[in-house]
Amino acid sequence: YGTVIVDWYDMRALHSSYKKATATRRGRIIALSIILVIVLAIAGAYIYWNINRKQIIGQELEKLISNKSEGLYALQYDSLTLDEVGGDLSLSGIKLAFDSNKYSSLLSKSEAPPIVVKITIPSISVTGVQTKRALLDKEIVGKKLTILEPDIEIIYTGEGKDSARYVPTADVYRQILGKLDLIKIDTLEIKRAQITTRNLKSGKKKASFENTHIRLVNITIDEKKASHPGRALFSEQAFLECSKITFPSGDRPYNFSIDSISLNSLAKTGSIKKFRIIPLLNEEAFVRRLPAQDDRFDFTFSGLQIKDIDIHQLFNEKFIADSVLVQSAMFKIYRDLAIPRDKENRVGKYPHQLLDRLPLTTQVRKLVVADAFVEYKERSHITRQTGRVQFHKLTATLTNVTNDKEVVKENNV
């Protein structure tokens, strides 16, 4: 929008020129012809916009994605529906994928990103969207954005300065969102998302997130301003629910499983129904694959309640919370003494020291285990009989649980 200032004397001069030009029959014909051309041009532009507006908007969306990512990402969709008066926009059959040739080109120049994505979305709908701002000002402003049943694949390339990260950085989100100066949405809802992560070079799957629901409130992504440090995923409030998260333990024969996790940034709380460390082999099979003695773990933690959690830091790969309550826990450990012992130094490899190997920087002021069961089972190398010792109804309270070396230095007791 702008302001036009017209001088009164200029208006008089224009009116006088118009009277002179239309004083003759030929002048009137010329003036009417010019007016007619202008009217037809406006009418033609209006008709063209109404007929082709879906295609125009679609082409603009594709350009925004491609240009911002320097051709790394391409956007495709099956259909687009627009209600310009009501401000409603919907797309179906959306596919966002990275170009392998473009990635190879960036790789050859040592400019490849640490993470690329592939996204398939059956349906996206936006209400209250301001179409003109999107096309003219490169801004998306709307009331509610709903994404239904997306299938998201996050692929780790092992390249770039953030190659060790598991959680995508803000730059990755900005790159995918395209050449937009401002994105402002009152509410964003992602329903029933399936998310997987894998390694690009090996093809091995790293993690799986099933039936994920995300609700973000008051989202602002502004290219001209830095992200607010207190925001999670560019939003003032973030709510997350996931039915199941599974991921392997790398070179160890275990899977990790998290059932029914929920996070609330407004209340700063979180809950987990069950967290398990699951051995992939039974006791006999586990022993047969060992070159030397080792413990087989089978751990379950149930009813976890987390208070005063920093959701923003969680997306920075830091788990910081005031307290964690574990309502019940089970620890089962098995060892076969017939297997030869190795001669390695065990310092740094005891269970309580494995906290240092977690991919998340962890800092919990207080950890309470309300009811635990512990079983240690051992098989004799002489009699080949198995003995066990069990502990029931154990309770524990741990304070200052952390693997942050800086925090340990401040409170090293």
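**Salt bridges, core and surface of the predicted model**

E189 and K144 form a salt bridge in which the closest N and O atoms are 3.8 Å apart. This pair connects distant parts of the chain, since E189 belongs to strand β7 (residues 182-199) and K144 to strand β5 (residues 139-148), 45 residues apart. The structure described here is a predicted model. The two partners differ in their accessibility class. E189 counts as buried because its relative accessibility is 15%, under the limit of 20%. K144, at 33% relative accessibility, counts as partly exposed.

By the rule applied to such pairs, the count comes to 14 salt bridges. A further one is formed by E153 and R198, with the closest N and O atoms 2.4 Å apart. E153 lies in strand β6 (residues 151-156) and R198 in strand β7, so this salt bridge ties together parts that are 45 residues apart in sequence. Another salt bridge joins the side chains of D336 and R384, at 3.0 Å from N to O. Here D336 is part of strand β13 (residues 318-336), whereas R384 sits in the loop between β14 (361-379) and β15, so the pair ties together parts that are 48 residues apart in sequence. D336 is buried, with a relative accessible area of 4%, while R384 is partly exposed, with a relative accessible area of 30%. Salt bridges with shared partners also join K144, E189 and K191 into one network.

Strand β5, which holds K144, also contains T146 and I147. T146 counts as buried because its relative accessibility is 12%, and I147 is likewise classed as buried, with a relative accessible area of 13%. When residues up to four places away in sequence are left out, T146 touches S123, I124, S125, E189 and K191. Under the same exclusion, the residues touched by I147 are I121, S123, I124, E189, I190 and K191. Two members of the network, E189 and K191, are thus among the contacts of T146 and of I147. The C-alpha atom of I147 is separated by 9.9 Å from that of S90, a residue 57 positions away along the chain.

The next group of results concerns the nonpolar core. The largest nonpolar core has 71 residues, of which I309, F319 and V326 touch the most other members. Strand β4 (residues 115-127) gives the most to this core, with 7 residues. Not counting residues up to four places away in sequence, F319 touches I306, I309, L314, V324, L360, T361, T362, Q363 and V364. One of these contacts, I309, is itself listed with F319 and V326 as touching the most other core members.

V326 also appears among the contacts of S302, which touches K273, K274, V326, Q327 and S328 when residues up to four places away in sequence are not counted. S302 is found in strand β12 (residues 296-307). At 18% relative accessibility, S302 counts as buried, because the limit for this class is under 20% relative accessible area.

On the surface, V389, F391 and L394 make a nonpolar patch of about 230 Å². F391 is found in strand β15 (residues 386-402). With a relative accessible area of 43%, F391 is partly exposed; this value falls between the limits of 20% for buried and 50% for exposed residues.

Local features were also found around helix α3 (residues 100-108). D99 caps the N-terminal end of this helix, where a side-chain oxygen lies 2.8 Å from the backbone nitrogen of N101. Just after α3, S110 takes a positive phi of about 60°.

For the protein as a whole, there are 8 helices and 15 strands. The protein has 413 residues, and buried residues make up 36% of them. Among contacts with a separation of 6 or more, residues 24 or more positions apart account for 65%. The exposed area of the protein is about 25500 Å², and carbon and sulfur atoms supply 55% of it.

Terms used
Residues numbered from 1 in each chain as written. Predicted model: local features only at pLDDT ≥ 70, side-chain atom pairs only at ≥ 80, totals over all residues. Heavy atoms only, no water. Patch = residues over 30% accessible without salt bridge, like charges linked within 9 Å, V, L, I, M, F, W, Y side chains within 5 Å. Areas by Shrake-Rupley, 256 points an atom, 1.4 Å probe, with all protein chains shown as cover. Salt bridge = Lys/Arg side-chain N within 4 Å of Asp/Glu carboxyl O. Helix = DSSP H or I, 4+ residues; strand = E, 2+ residues; numbered from the N terminus. Buried < 20%, exposed > 50% of the residue type's maximum accessible area, 1.4 Å probe, protein only. Core = buried A, V, L, I, M, F, W, Y, C linked by side-chain atoms within 4.5 Å. Contact = heavy atoms within 4.5 Å. Polar contact = N/O pair within 3.5 Å; in protein donor to acceptor, adjacent residues only side chain to side chain.
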